[in-house]
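Here is a friendly set of notes to read with the model open beside you. Take the points in order, and pause at each one to find the residues on screen.

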Amino acid sequence: MKNRTDEILSNYDYEIPKEMIAQEPCPNRDESKLFVLDKHKNQIFHRKFSDIGEFLSAGDCLVINTVKVVPARIMGKKESGGKMEILFLDPRKDTKEYAALVKPRPKIGKKILFDDGYECIIKSCLPNGGYLLEFNKPKVLEFM
């Protein structure tokens, strides 16, 4: 029987075809796709980013995201050889501990093994349904 956490986490379990994931920015940034939600008409449509001015009004707040995307999903294996999937929730620098979603559900104290000699121990379960992982080596972001 699924619990509430399983239901919430299952919303994030979907496949995106690789060809639909941008690997580099558009040469002309203003030609990038713009996803538009018209709340008054309850419509969703696509435009070009160069059209953004049509959708802004005086007093609107425009937030610019300068965060770099990291490959936060990696595959590992149990000591028994079974596959494990890890999705980092908060990859932080200068630490060996990370919060992550892990599939299938691991047991506390078990190890997950990765390439290049990296491994982690499942330290604890987090309130959001994730787990606290402790890695055996630093520079996990570079490894990812």
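## Notes for a first look

1. Let us begin at a turn. Gly129 takes a positive phi near 95° in the hairpin of S7 and S8, a hairpin with five residues between the strands. Please keep in mind throughout that this is a predicted model.

2. Now look at the two strands on either side of that turn. S7 and strand S8 (residues 131-135) pair in the antiparallel sense, and five bridges hold the count for this pairing. If you would like one place to check the register, Ile122 stands opposite Leu133 in S8.

3. A side-chain pair also spans these two strands. Glu134 and Lys123 form a salt bridge, with their closest N and O atoms 3.1 Å apart. This pair links distant parts of the chain, since Glu134 sits in strand S8 and Lys123 in strand S7, eleven residues apart. How accessible is Glu134, and does Lys123 count as buried, partly exposed or exposed? Glu134 is partly exposed, at a relative accessible area of 29%, and Lys123 counts as partly exposed at 40% relative accessibility.

4. Next, step to the other neighbour of S7. Strand S6 (residues 111-113) pairs with strand S7 (residues 119-125) in the antiparallel sense, over three bridges. Here the residue to find is Lys111, whose bridge partner in S7 is Ile121. The hairpin of S6 and S7 has five residues between the strands, and within this hairpin Asp116 takes a positive phi near 60°.

5. A word on the cysteines. Cys120 is buried, with a relative accessible area of 0%, whereas Cys125 counts as partly exposed at 46% relative accessibility. How many disulfides does the model have? The count comes to zero disulfides. As a reminder, a disulfide is a covalent bond between the sulfur atoms of two cysteines.

6. Salt bridges deserve a point of their own, and the count for the model comes to seven. Among them is the one between Arg47 and Asp51, where the closest N and O atoms are 3.3 Å apart. Arg47 also meets Glu54 in a salt bridge, at 2.8 Å from N to O. Through shared partners, salt bridges join Arg47, Asp51 and Glu54 into one network. On accessibility, Arg47 counts as partly exposed at 29%, while Glu54 is exposed, with a relative accessible area of 52%.

7. Please look at Glu85 as well, which has its place in strand S4 (residues 83-88). Is Glu85 buried or exposed? Glu85 has a relative accessible area of 17%, so Glu85 is buried, the cut-off being under 20%. The side chain of Glu85 makes a polar contact with the side chain of Arg73, at 2.2 Å.

8. Finally, turn to the surface. Which residues make the nonpolar surface patch of about 430 Å²? Tyr14, Ile16, Met20 and Ile21 make this patch. To find the patch, start from Tyr14, which lies in the loop between helix H1 (4-10) and strand S1 (33-38).

Notes
Residues numbered from 1 in each chain as written. Predicted model: local features only at pLDDT ≥ 70, side-chain atom pairs only at ≥ 80, totals over all residues. Heavy atoms only, no water. Disulfide = S-S within 2.5 Å. Buried < 20%, exposed > 50% of the residue type's maximum accessible area, 1.4 Å probe, protein only. Patch = residues over 30% accessible without salt bridge, like charges linked within 9 Å, V, L, I, M, F, W, Y side chains within 5 Å. Areas by Shrake-Rupley, 256 points an atom, 1.4 Å probe, with all protein chains shown as cover. Salt bridge = Lys/Arg side-chain N within 4 Å of Asp/Glu carboxyl O. Helix = DSSP H or I, 4+ residues; strand = E, 2+ residues; numbered from the N terminus. Pairing = 2+ DSSP bridges. Polar contact = N/O pair within 3.5 Å; in protein donor to acceptor, adjacent residues only side chain to side chain.
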